[in-house]
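Reader: I am new to this structure and would like to understand the terms used to describe it. Could the reasoning behind each term be set out?

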Amino acid sequence: MAGKTTPMMEQFLALKQEAGDCLLFYRMGDFFELFFDDAKTASAILDIALTTRGEHGGEPVPMCGVPVHSADSYLARLIKGGCRVAIAEQVETPEEAKIRAKKEGTPSSKALVKRDIVRFVTAGTLTEEALLEPRNANLLVALADVRGAIGLASCDISTGIVVLEECKPEMLGAYLARLGANEIVAPEDWAHGPDEFTSRPKGDFSSDDGSERLRKLHGVATLDGFGDFSRAMLAAAAGLISYLEHVGRGNLPMLLPPVSRCGAEGMVMDEATRASLEILRSQDGSRSGSLIAAIDRCVTGAGARQLAEDLGSPLLDQSAIEERLALVQFWHGQPIDRADLREALRALPDIGRALGRVVAGRGSPRDLGQVRDGLRDARLLHETLARQSDHPVLLKQLMPHLTGHSALVDLLTNALVAAPPTERSGGGYIADGYDVGLDELRQVSGNARKAIAAMEARYRDETGIASLKIKHNGVLGYFIEVPSRHGDVLMEQDSGFTHRQTMKGAVRFNSVSLHEEATRIAEAGGRALTAEEAHFEELTSAVIASQKAIAQTAAALARIDVAAGQAERAAEGDWCKPEIAGTTELAITAGRHPVVEAALTKTNDRFVANDCSLAHQDRLWLIGGPNMGGKSTFLRQNALIVLMAQAGGYVPAQSATIGLVDRLFSRVGASDNLARGRSTFMVEMVETAAILSQATERSFVILDEVGRGTSTYDGLALAWSVVEAVHSKIACRCLFATHYHELARLADSCKALSLHHVKAREWKGDLVLLHEVSEGPADRSYGLAVAKLAGVPAPVVKRAKQVLQKLEAARAETGGIAAGLGELPLFANAALADERKELEPGDILKEKLESADLDALSPREALDFLYDLKRELTSTKP
């Protein structure tokens, strides 16, 4: 009757309640079906037809579905669309359902196959090859707050790498920006940001639970051998493992022993700096146009992922940086050997991710084959490298990880066919000769098939029906088929054939002999599949037992690929090996912007290289010049060269000496953040505030056009005070680009500040941008010339000239907008004066009284002193 809920719909609704906010993929035969709002959401994202099935509550039930065999591609689109998906599979066969129904006293005709959610698919928990980007890591990050310290546990479950770290709440944004997580998990009452995260019960984030889980997971009595982990780190680890157990329905993926990362180990960059420098993503969110796109010459996905991590987390340890540089130099000096190495690496499978799928229980015969081939080729690579000499330190450390898997490789080589299939349900992946019993079963099955072919020929001769065929399908098994016109011959009682099915144009039969042969084939085939499945489990167990060593091999191959790729890119672009110094020096000769230069090369244009030399006595460059003259490019290229050097790679310059930078700040090209209700100027001020509060003497800061988003007077005042603060209070290396010519006066009072400009010339009324950085202040801004170059109508430019002449005349008469600024005290002195102004009147009087020697005052001096105190008191009254 209408509105009645069917058993199937009851089962679906129960599973949907368990799935929560996830879309539910409900298995029905060869399809995953979605119902109700899930169907509406999925049909819109996947662009598939939305239909209806039956009724619920008197209304048609919306429905759509995707084929099981191609579900991965649909899952990928749903995950990219911001969805999470619960997979509900059939956990018993129809035959098992009928047996269960019989025991329960339910008619077998009404037996409903049991279904259960076997896993949740989320952005941070993907392992399938089709769902992952080969050259990008897929990070899941869990957050926890323990007494004001934020713990972060990050994991790429496709490779099993787990990193634990801790930061202050105000630094969380910078840490998350570095990690670039695909999914973030936090307690349900989390208030520290970011805006979007997956909420989990607060009880999942216990430091004691995290310690216990990690010890149990890795079979150790103490975690001391893995590192020193704070309670905040362990609480985050507990949340991470709990969430992975939840999405895997009790099955954990491969998790390697955790690594402790200290924030002091690497250069710190906040989210704004990363976005400004376009390190891993350009402004439009794509890889194209980013720093990594211009640098990446890795030939493996694992190498590309390692390079992204290097660029996202530049080092602060000088010896570690120099070890990486030495490995790049080693391959840079051997172009022929480097080419051979890269060719060998190119053929390698992604064994790290194949291993991750095997350990997670989602591996295939093909994954086992990839582990086998990768380990075998790693051993061959080790043999090749062993024949070379003068290995750098890092290569000596990596080489032992390329070998040591001979027994496992031999096992997998003997057990598996050369090219194993991606599905194991059909068998055929265990090699002949590995299992005598399996070979015999295959022989029986093969002989039976030959017998059926002989039987078909015999039946044709006996019946005289040349078109008689023996066929097979999943419903009837083997059967005999003849055209309808010959059906009557086989229908006769003494024909020896039994009628099974009449089709349009054909009739199907069975026979005793065919049934016997079919039974032999089915039994042998089933036993063969069972035998192969048992071997698959044995091989999987052998791989899992060596998972840590295999993961180390994968990491070593990735590091070698990064070094060879860096050497290749350096050779292409004539890049240099930077010198790393423990000082605050920054000396770059003929530096270039790697992304801009790559773009110009495509159009056969030349990039104009520029020098940059900052030291303690000349640490702040004030750079003027016209728009489009190259100021922003110059600022960014020097920041990128520092980043690339501390990541352990060559840099686009003739020479470079890099004094280690602890924090890199870039405030270049802010834009509106409408989602947070911030204007361009507000964004600029927030970013500037972060620099002024977080930068240290060892930092490198690039600032572009600070103060341009407000009135001229406000903007100049802010720019002036920011320059003074960076120079006198922070005393760090800084490049400051501006259009405020008045700031040039700071060169008189700021001894470590020097003036520079980008060259430009007007030739026959047109502006020529030279893109050269030279010493000295800019003579003019060329704003009107740039406007003309940009296509502003001539009458508008002409009128602007008239207005400009009037303004300049007024400035000449009054002393200009910066009149009187020369008499201002420096930042430190002004700050001290401001502190005195902020004292309460009583404090000022008390200070004067305490400092006065009353016994030494004459009567007249005492009276004057009293008058002074009265005037002071009167002047401070509101």
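Author: The following exchange takes up helices, sheets, a hairpin and a tryptophan in what is a predicted model.

Reader: Why is α2 called roughly perpendicular to α3?

Author: The axes of helix α2 (residues 36-46) and helix α3 (residues 71-80) come within 10 Å and cross at roughly 100 degrees. Angles of 65 to 115 degrees count as roughly perpendicular, and therefore α2 is described as roughly perpendicular to α3.

Reader: Which residues of α2 and α3 meet, and what is the character of that contact?

Author: A42, I45 and L46 in α2 meet Y74, R77 and L78 in α3. The residues of this contact divide into five nonpolar, no polar and one charged.

Reader: Across which strands does α2 lie?

Author: Helix α2 lies across β1 (23-28), β2, β3 and β4, and runs at about 45 degrees to β4. An angle under 35 degrees would count as roughly parallel and one of 65 to 115 as roughly perpendicular, so the angle to β4 is classed as oblique.

Reader: What makes β3 and β6 edge strands?

Author: The open sheet of six strands has the order β3-β4-β2-β1-β5-β6, with mixed pairing. β3 (51-56) and β6 (115-121) each have a single partner strand, so one side of each is left without a neighbour in the sheet. On average, neighbouring strands of this sheet are turned by 35 degrees against each other, direction ignored.

Reader: How do you know that β2 and β4 are paired?

Author: Pairing requires at least two bridges. Five bridges join strand β2 (residues 31-35) to strand β4 (residues 59-67), and the two run antiparallel, so the requirement is met. The bridge partner of E33 is G65 in β4.

Reader: Which strands stand at the edges of the sheet that contains β18 and β22?

Author: Four strands form this open sheet in the order β18-β22-β19-β20, and the pairing is mixed. β18 (579-581) and β20 (610-614) stand at the edges, each with a single partner strand, so one side of each has no neighbour in the sheet. The twist averages 15 degrees from one strand to the next. β18 and strand β22 (residues 655-659) pair in the parallel sense over three bridges, with I580 opposite I658 in β22.

Reader: Why is strand β17 described as largely enclosed?

Author: A residue counts as buried under 20% relative accessible area. Five of the five residues of β17 (residues 506-510) are buried, so the strand is largely enclosed by the rest of the structure. A506, R508 and N510 are buried on one side of β17, and V507 and F509 are buried on the other.

Reader: Which strands are joined to β17?

Author: Strand β15 (residues 477-483) is joined to β17 by four bridges and runs antiparallel to it; P483 has A506 as its bridge partner. Strand β16 (residues 498-503) is joined to β17 by five bridges, again in the antiparallel sense, and M503 stands opposite A506. The hairpin of β16 and β17 has two residues between the strands, and G505 there takes a positive phi near 90 degrees.

Reader: Where is W190 found, and why does W190 count as buried?

Author: W190 is found in the loop between β10 (183-187) and β11 (198-200). Its relative accessibility is 10%, and the limit for a buried residue is under 20%, so W190 counts as buried. Not counting residues up to four places away in sequence, W190 touches L143, A144, D145, I150, L172 and F197. The side chain of W190 also reaches the backbone oxygen of G193 at 2.7 Å.

Technical notes
Residues numbered from 1 in each chain as written. Predicted model: local features only at pLDDT ≥ 70, side-chain atom pairs only at ≥ 80, totals over all residues. Heavy atoms only, no water. Axes fitted to C-alpha atoms, helices over the stretch in contact; angles between N-to-C directions. Parallel < 35°, antiparallel > 145°, perpendicular 65-115°, else oblique. Contact = heavy atoms within 4.5 Å. Nonpolar A, V, L, I, M, F, W, Y, C, P; charged D, E, K, R; others polar. Buried < 20%, exposed > 50% of the residue type's maximum accessible area, 1.4 Å probe, protein only. Polar contact = N/O pair within 3.5 Å; in protein donor to acceptor, adjacent residues only side chain to side chain.
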